[in-house]
Amino acid sequence: MDEPTRVREIYDRLTQTRDEQHWQPTSLSHFEGQPFKALLAGMLSAQTREENTTAAINNLLALADTPEGIAQLSDEQIRKAISPVMYFEGKVRYVRDIAEKVAANGGEVPRTIEGLMEYKGVGWKVAVLTLAVGYGIYDNITVDVHVARIGIRLGLVKPTTKQPPKVNDELKQVLPREMWPHWNALMVMFGRAICLPTYPQCPRCPLNDICPKVGVVRRG
Ligand code: SF4
């Protein structure tokens, strides 16, 4: 099997498994077409479990759901609302900075990675995620821990590649563009269900026969 055929096979098999097993998409997909909320949720999600991010963003949006409204909240209100996420003390000023800047920009969230990264607490990963979820701009692949780990195991990314922008570059060289919008969600669902961080479930994995299992030492 040549590499483009293998890549196509990986994608098709995982898409089919997703549909058969009714894998649930990530909670950030609730903010499709809503860049301000996608940006806030993405920033809050750093180092945090998804259920805690969901709780925090829901708490915050229950208090106010516009940039102006959030900018007018007190630090204490924001702190209490986002307390479920990691490093919430530091993220209070990120919430305020984002809300104030977006409000000052007439409610418009930047449409470029560079513009988004000027906001406090927003790195490359959150910027790409915001463009994808908020605006449907898929010029890059959102790289999280699942995308990075599984990319290496599948032999699509070099084992030494760690930085998300570099993982993105390598994946873009092997994945056809039409797969880019779907890759992150597919890897997140697959990484939670089968290709687990510590004990990947290789014997029951639909990719078992076409995966080189790079770096896998223990299997479930
Ligand atoms: S065969 Fe194992 S390492 Fe490869 S994708 Fe499947 S679970 Fe992950």
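1. The domain assignment splits the protein chain in two. Domain 1 is made of residues 3-23 and 141-210. Domain 2 covers residues 33-135. Keep in mind that this is a predicted model.

2. How far apart do the C-alpha centres of domain 1 and domain 2 lie? They are 27 Å apart. The two domains also touch: eight residues of domain 1 are in contact with six residues of domain 2.

3. Now the area. Between them, domain 1 and domain 2 bury about 550 Å². Carbon and sulfur atoms account for 66% of that. Which residues of domain 1 lose the most area to domain 2? They are Thr-142, Pro-165 and Arg-192. Together these three make up 59% of what the domain 1 side buries.

4. Look next at the charges. One salt bridge is found across the interface of domain 1 and domain 2. Arg-192 and Glu-50 form a salt bridge through their side chains, with 2.3 Å from N to O. That distance satisfies the rule because a salt bridge needs the nitrogen within 4 Å of the carboxyl oxygen. Arg-192 is also one of the residues named above for lost area.

5. Polar contacts across this interface come to one residue pair, with both residues at pLDDT 80 or more.

6. Which helix gives the most to the side of domain 1 that touches domain 2? Helix α10, residues 164-174, does, with three residues. By type, the residues on this side of domain 1 are four nonpolar, two polar and two charged.

Technical notes:
Residues are numbered from 1 along each chain as its sequence is written. This is a predicted model: local features need pLDDT of at least 70, side-chain atom pairs count only at pLDDT 80 or more; totals for chains, interfaces and linings use all residues. Side-chain values use heavy atoms; hydrogens and water are left out. Domain bounds come from an automatic or database domain assignment. Contact means heavy atoms within 4.5 Å. Buried area is the accessible area (1.4 Å probe) that two parts lose on being put together, summed over both. A polar contact is a pair of N or O atoms within 3.5 Å; within protein, one must be able to donate a hydrogen and the other to accept it, and residues adjacent in sequence count only if both atoms are side-chain atoms. Helices (H or I, at least four residues) and strands (E, at least two) are DSSP runs, numbered from the N terminus. Ala, Val, Leu, Ile, Met, Phe, Trp, Tyr, Cys and Pro count as nonpolar, Asp, Glu, Lys and Arg as charged, and the others, Gly among them, as polar.
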